[in-house]
Amino acid sequence: MMKLGFFLYGTGHHIASWRDPGVMPNANQSLKHYINITQTAERGLFDFVFNADSNSTFGPDDPDIWKRTTVSMRLEPLTLLGALAAVTSRIGLISTATTTYLDPFHVARMFATLDQLSEGRVGWNVVTSSAASEALNFSHAAHVPHDQRYERAAEFIQVAQGLWDSWEDDAHVMDKAKGLFFEPAKLHMLEHKGKHFSVRGPLMVPRSPQGQPVIVQAGQSEAGLELAARTAEVLFTVSQNLEASKKFYADLKARTARCGRSPDSIKVMPGVLTVVGSSRDEAKEKFEQLQALIHPELGVAMLSDIVGLDLSKYPLDGPMPTEVENTTAIRSFRDSIVDMAKRDKLTLRQTYQRVLPSMGHVVFKGTPSQIADQMEDWYKSNACDGFNIMTPVLPRSLNEFVDLVIPELQRRGIFRKEYTGKTLRENMGLPIPQNPYFSTARTAAE
Ligand SMILES: Cc1cc2nc3c(=O)[nH]c(=O)nc-3n(C[C@H](O)[C@H](O)[C@H](O)COP(=O)(O)O)c2cc1C
């Protein structure tokens, strides 16, 4: 069955969503709103909701640019997911936490706690921090270099997973008559001493019903993909087209096998922005209405940041400049934008209107059946194991997806009609990681 995640973002994924007349502009801080959309995603039988995070604003680090977006309003994600765990029972809850500026004991403890409270429904999106300005909030003068971030990330995951195995599953005997709360032989101190961390343990949280939180990643660099092949169980990706996705999927599964893991032990999930209409034209029209809400100053500033060139002196309706310099901007993203602008002869305005709403992710627009066709095509041609669904405005476009697209997928027999598992691992078909100290292996199938 296809896996489906819902990419939570208060107002919706379109950059101008907060200006839509039907959207609550302060949705990013409303618990009632998050409860509503998460319960809708659970009604749609999604595997999980995913809450991305950064400890500073994503995108250009300039309040003069943020003033036109909602990026400056973002709640701490684990606190939010804790509240959502209390009002849901089957849907998985995934959040980002950075390995670059946080400490593994603290992160392991937060995720283990949430995994206990939700009875095994949690995943951790391990990132090395996209926003360089996070450094400035953690007493660093500048962003840690890329290779060092990934070296630290690998050790960080190892420490967190070690801490999650502090206790064997039957360690807590809680024998009132003997006055013995736990069996000391079943407690395992981590005693980790590595290059970046020194952590004794134990964690004061036992393993949850799914053993450990699911490890998710979204790095796209060579270092990121190697770490994913060794340790990730879910990989979020950015992809524009089917052929590139098929190649990527085959490469990632082969890398995973080379690391001695089953290719099925990692689920590849590209993001897709979905725009549902009663006809293709209606979907297009809905999208155009939102596009018109992107303030030109915002569009130009964001695109300048992405391609690494100040575009503010170019006319909005003149050709998109394609002679951009080699800068620190994300190279593959910049190149694909420049190629697209050349190929389709786009103006500056048309370019930012194409790029910003989905930030490089593919867009499926059309009737529910046209959207389901594309999803089925990607899924059946081994381009992915499922999708991370992004909807332009919330709650409206999630309701449309759940009410109209999910039944299409179900009719085609490629998406569940009910939850079969209780934990995130059971629903995603991921095995329970064995506690190395515990003799009786359990699997998701049991
Ligand atoms: C779908 C998706 C979600 C992501 N979520 C986050 C996030 O929440 N926080 C973050 O700092 N980076 C996020 N990233 C970025 C990466 O995970 C990664 O840290 C970044 O791309 C730098 O690593 P790389 O050089 O290996 O790509 C996300 C990327 C994708 C594709």
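This is a short group-meeting talk about a predicted protein model and the ligand in it.

Okay, hi everyone. Before anything else, keep in mind that what you see above is a predicted model.

Let's start with the ligand. Which residues are closest to it? Those are Asp53, Ser130, His146, Tyr150 and Ser221, and they belong to a shell of 20 residues around the ligand. If you sort that shell by chemistry, you get 9 nonpolar residues, 10 polar ones and 1 charged one.

Now for a few distances. Take Ser130: its side chain has an N or O atom 2.5 Å from a nitrogen atom of the ligand. Tyr150 also puts a side-chain N or O atom 2.5 Å away, this time from an oxygen atom of the ligand. And for Ser221, a polar side-chain atom sits 2.5 Å from a ligand oxygen. How much of the ligand does the protein cover? On its own the ligand has 620 Å² of accessible area, and the protein covers 86% of that. Two elements give two or more residues each to the shell, namely strand E4, residues 122-127, and helix H5, residues 146-164.

Hold on to H5, since that helix comes back when we look at the inside of the protein. The largest nonpolar core has 64 residues. Within that core, the residues that touch the most other members are Leu4, Phe46, Trp124, Met375 and Phe387. H5 supplies the largest share of this core, with 8 residues.

Let's zoom in on one of those well-connected residues, Phe387. Skipping its neighbours within four places in sequence, Phe387 is in contact with Met2, Lys3, Leu4 and Gly5, with Met269, Pro270 and Val272, and with Phe364, Met375 and Trp378. So you can click on Phe387 and find residues from several parts of the numbering, including Met2 and Trp378. There is also a second, separate core, made of 25 residues, and Ile306, Leu309, Met320 and Ala341 are among them.

Next stop, Val199. You'll find Val199 in strand E6, which covers residues 198-199. Is Val199 buried or exposed? Its relative accessibility is 12%, so Val199 counts as buried, since the cut-off is under 20%. Who does Val199 touch? Not counting residues up to four places away in sequence, the list is Phe105, Val159, Leu163, Leu190, Glu191 and His192. Phe105 is a nice one to pick out: Phe105 and Val199 are 94 residues apart in sequence, yet their C-alpha atoms are 7.4 Å apart in space.

Now, some backbone details. There's a cis peptide bond between Gly201 and Pro202, with omega at about 0°. Pro202 is in the loop between E6 and strand E7, residues 214-217. Another cis bond runs from Leu394 to Pro395, where omega is near 5°. Pro395 lies in the loop that connects strand E11, residues 386-390, and helix H13, residues 396-411.

Then we have two serines with a positive phi. Ser129 has phi near 80°, and Ser129 is not a glycine. Ser139, also a non-glycine, has phi of about 65°. Where are they? Ser129 is in the loop between E4 and H5, and Ser139 is in the loop between E4 and H5 too. But what about burial? Ser129 counts as buried because its relative accessibility is 3%, whereas Ser139 counts as exposed because its value is 78%.

Two more residues and then I'm done. His361 is in the loop between helix H11, residues 348-355, and strand E10, residues 362-366. With 12% relative accessibility, His361 counts as buried. Leaving out neighbours within four places in sequence, His361 is in contact with Thr237, Val238, Ser239, Gln240, Gly271 and Met390.

Finally, there's Asn399, in helix H13. Asn399 has a relative accessible area of 26%, so this residue is partly exposed. Which residues does Asn399 touch, once you set aside those up to four places away in sequence? Thr40 and Arg43. Along the chain, Arg43 and Asn399 are 356 residues apart, while their C-alpha atoms are separated by 9.9 Å.

That's my tour. Try finding Ser130, Tyr150 and Ser221 around the ligand yourselves; each has a side-chain atom 2.5 Å from a ligand atom.

Methods:
Residues are numbered from 1 along each chain as its sequence is written. This is a predicted model: local features need pLDDT of at least 70, side-chain atom pairs count only at pLDDT 80 or more; totals for chains, interfaces and linings use all residues. Side-chain values use heavy atoms; hydrogens and water are left out. A residue is near a molecule or strand if one of its heavy atoms lies within 4 Å of it. A polar contact is a pair of N or O atoms within 3.5 Å; within protein, one must be able to donate a hydrogen and the other to accept it, and residues adjacent in sequence count only if both atoms are side-chain atoms. Accessible areas come from the Shrake-Rupley method with a 1.4 Å probe; for residues, only the protein chains shown count as cover. Helices (H or I, at least four residues) and strands (E, at least two) are DSSP runs, numbered from the N terminus. Ala, Val, Leu, Ile, Met, Phe, Trp, Tyr, Cys and Pro count as nonpolar, Asp, Glu, Lys and Arg as charged, and the others, Gly among them, as polar. A nonpolar core is a set of buried Ala, Val, Leu, Ile, Met, Phe, Trp, Tyr and Cys residues joined through side-chain atoms within 4.5 Å. Buried means under 20% relative accessible area, exposed over 50%, partly exposed in between (1.4 Å probe, protein chains only). Contact means heavy atoms within 4.5 Å.
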